Amino acid sequence: MGDEIRRNMALFPIGIVMKLTDLTARQIRYYEQHELIMPARTSGNQRLFSFNDVERLLEIKSLIEKGVNIAGIKQVLSPVNKESDDATVLNEHTEVKRRELTDKQLHKMLKQQLLGGNRRGQVSLIQGELSRFFNP
DNA sequence: CTTCTAACA
DNA sequence: TGTTAGTA
């Protein structure tokens, strides 16, 4: 997968990302504080977002709109890897560590249910076990 | 002019 | 989250 370096290449400042995601700078920085994203920084401490960062923000936005809180999003979205996600280490081709199989599959299922529109016959998970991840 | 951090009428 | 202050 060679396109990964391009997807993880930090390119745009927060202003562009705001327009691309319809999120406020406040929200974007807030999500970074909670480690939902880890954009690179310029020498002047300016944030530089990669394509992956933008896509991740869109997923976060989608989840927020569905009423999922930060804690819940952390469970659904795969944890950010500073190595593979940060553009400052693009030269070091690091591998994304695989998480436990069963956990990974569960996360994928939850992500599909939360991001994709709920399809018939699969609301039990969200209404049951996952209720604690949603806002009151 | 754009972005950053910190803080709160 | 919004928003503002004071910088860089």
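This passage looks at how a protein meets two DNA strands and at the salt bridges inside the protein, all in a predicted model.

Let's start with DNA strand B. The residues around this strand are P13, I14, G15, R26, R29, R41, N45, Q46 and R47. Sorted by type, they come out as 4 charged, 3 polar and 2 nonpolar. On the DNA side, sugar or phosphate accounts for 85% of the strand B atoms within 4 Å of the protein, and bases make up the rest. A few polar contacts show what this looks like up close. R47 has a polar side-chain atom 2.2 Å from a phosphate oxygen of strand B, while G15 uses a backbone N or O atom, 2.7 Å from a phosphate oxygen. With Q46, a polar side-chain atom sits 2.7 Å from a sugar or linking oxygen of the strand. Two elements, α2 (14–21) and α3, each give two or more residues to this surface.

DNA strand C has its own set of neighbours: T24, R26, Q27, Y31 and I64. These split into 2 nonpolar, 2 polar and 1 charged. Here, 41% of the strand C atoms within 4 Å of the protein belong to sugar or phosphate, with the rest in bases. Helix α3 (residues 25–33) is the top contributor to this surface, giving 3 residues. R26 goes for a base: one of its polar side-chain atoms is 2.9 Å from a base oxygen of strand C. T24 and Y31 pair up with phosphate oxygens instead, through side-chain atoms at 2.9 Å for T24 and 3.2 Å for Y31.

Now for the protein itself. Side chains of opposite charge can pair when their charged atoms come close. The model has 5 salt bridges. One of them joins K61 and D22, whose closest N and O atoms are 4.0 Å apart. K61 belongs to helix α4 (residues 51–65) and D22 to the loop between α2 and α3, so this pair ties together parts 39 residues apart in sequence. D22 is exposed, because its relative accessibility is 59%.

E32 and R47 form another salt bridge, at 2.0 Å from N to O. Since E32 is in helix α3 and R47 in strand β2 (residues 47–48), the bridge ties together parts 15 residues apart in sequence. Both of these residues are buried. Along with R41, they are linked in a network of salt bridges.

Finally, K111 pairs with E59 at 3.1 Å between the closest N and O atoms. This salt bridge ties helix α7 (residues 101–115) to helix α4, so it spans 52 residues in sequence.

Notes:
Residues numbered from 1 in each chain as written. Chains lettered and ligands numbered in written order. Predicted model: local features only at pLDDT ≥ 70, side-chain atom pairs only at ≥ 80, totals over all residues. Heavy atoms only, no water. Near = heavy atom within 4 Å. Polar contact = N/O pair within 3.5 Å; in protein donor to acceptor, adjacent residues only side chain to side chain. Helix = DSSP H or I, 4+ residues; strand = E, 2+ residues; numbered from the N terminus. Nonpolar A, V, L, I, M, F, W, Y, C, P; charged D, E, K, R; others polar. Salt bridge = Lys/Arg side-chain N within 4 Å of Asp/Glu carboxyl O. Buried < 20%, exposed > 50% of the residue type's maximum accessible area, 1.4 Å probe, protein only.
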